[in-house]
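Could you walk me through this model in the viewer, one selection at a time? I would like to know what to pick next and what is there.

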Amino acid sequence: MSAQPDHVPVTPYAPAPGAPAELLTQLRADKRADTWVPAFEREWAAALEESRATFSLAGLYEVLQDWQGRLASAPAVDAFAASGYDDSEFIDMAELRGRRRSR
């Protein structure tokens, strides 16, 4: 019989101690700062409370990874939006599911 840990293992990603402050500085410099900074601060505060309760840093690491990804992909999203790509043939899956239910 082998012993199994009763907790979720910490993700292998371990940011530098100053990573949250550095990320917040980058978010404040972004053109989306009005919406992104408060959203990051809410998610960070929630993850911090979870961390205090669970003694796990995994939630904090996850918030950092998510926001670093958003910030890194923002230029590509901006370029796509500025390209004038015609997405008028986009299929709205929510609308499609609604049609199926009404039958």
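Start by selecting Trp36, Phe40, Trp44 and Trp67: ring pairs link these residues into a cluster. The model is a predicted one, and the count of aromatic pairs in it comes to 3. A pair of aromatic rings is described by the distance of the centres and the angle of the planes.

**Stop 1: Phe40 and its ring partners**

Keep Phe40 and Trp44 on screen. Their ring centres are 5.9 Å apart and their planes meet at 25°, so the pair is stacked, since planes under 30 degrees apart count that way. Both residues belong to helix H2, where they are 4 residues apart, about one turn of the helix.

Now swap Trp44 for Trp67. Phe40 and Trp67 form an edge-to-face pair, with 6.1 Å from centre to centre and 85° between the planes. This pair links distant parts of the chain: Phe40 is in helix H2, Trp67 is in helix H3 (residues 58-82), and 27 residues separate them.

Is Phe40 buried or exposed? Its relative accessibility is 3%, so Phe40 counts as buried. Trp67 is buried too, with a relative accessible area of 3%.

**Stop 2: around Trp67**

Centre the view on Trp67 in helix H3 and show what surrounds this residue. Which residues is Trp67 in contact with, leaving aside its neighbours within four places in sequence? They are Leu23, Leu27, Trp36, Ala39, Phe40 and Glu43. Try a C-alpha to C-alpha distance label from Trp67 to Leu23: the two are 7.9 Å apart in space and 44 residues apart in sequence.

Next, add Arg70. Arg70 lies over the face of Trp67, at 4.3 Å from the ring centre.

**Stop 3: the loop between H1 and H2**

Move on to Arg32, which lies in the loop between H1 and H2. The charged end of Arg32 sits over the ring of Trp36, 5.0 Å from the ring centre. How accessible is Arg32? Its relative accessibility is 18%, and because buried means under 20%, Arg32 counts as buried. Not counting residues up to four places away in sequence, Arg32 touches Ala74 and Asp78.

While you are here, select Asp30, which is found in the loop between H1 and H2 as well. Asp30 is buried, at a relative accessible area of 17%. With neighbours within four places in sequence left aside, Asp30 is in contact with Trp36 and Leu71.

**Stop 4: helices H1 and H2**

Switch to a cartoon and colour H1 (residues 19-29) and H2 (residues 33-54). Two packed helices are described by the angle between their axes and the distance between the axes. Here the axes come within 8 Å and cross at roughly 155°. H1 and H2 are therefore roughly antiparallel to each other, as angles over 145 degrees count that way.

To see the contact itself, turn on side chains. H1 contributes Pro20, Leu23, Leu24, Leu27 and Arg28, while H2 contributes Ala33, Trp36, Val37, Phe40, Glu41 and Trp44. By class, the contact has 9 nonpolar residues, no polar ones and 2 charged ones. You may recognise Trp36, Phe40 and Trp44 of the H2 side from the ring cluster.

**Stop 5: Phe55**

Follow the chain to Phe55, in the loop between H2 and H3. Is this residue buried or exposed? Phe55 is exposed, with a relative accessible area of 78%. Check the backbone here as well: phi of Phe55 is near 60°, a positive value in a residue other than glycine.

**Last stop: the whole chain**

Zoom out and show everything. How many helices and strands does the chain have? There are 4 helices and 0 strands, and read along the sequence the pattern is α-α-α-α. Colour by accessibility next: of the 103 residues of the chain, 23% count as buried, Phe40 and Trp67 among them. Finally, draw the contacts between residues at least 6 apart in sequence: 57% of these join residues at least 24 apart.

Note on methods:
Residues are numbered from 1 along each chain as its sequence is written. This is a predicted model: local features need pLDDT of at least 70, side-chain atom pairs count only at pLDDT 80 or more; totals for chains, interfaces and linings use all residues. Side-chain values use heavy atoms; hydrogens and water are left out. Axes are lines fitted to C-alpha atoms, for helices over the stretch in contact, and angles run from 0 to 180 degrees between N-to-C directions. Helices (H or I, at least four residues) and strands (E, at least two) are DSSP runs, numbered from the N terminus. Angles under 35 degrees count as roughly parallel, over 145 as roughly antiparallel, 65 to 115 as roughly perpendicular and the rest as oblique. Contact means heavy atoms within 4.5 Å. Ala, Val, Leu, Ile, Met, Phe, Trp, Tyr, Cys and Pro count as nonpolar, Asp, Glu, Lys and Arg as charged, and the others, Gly among them, as polar. Rings of Phe, Tyr and Trp (its six-membered ring) pair if their centres lie within 6.5 Å; planes under 30 degrees apart count as stacked, over 60 as edge-to-face and the rest as tilted. Buried means under 20% relative accessible area, exposed over 50%, partly exposed in between (1.4 Å probe, protein chains only). A charge sits over a ring if NZ of Lys or CZ of Arg is within 6 Å of the ring centre and within 35 degrees of the ring normal.
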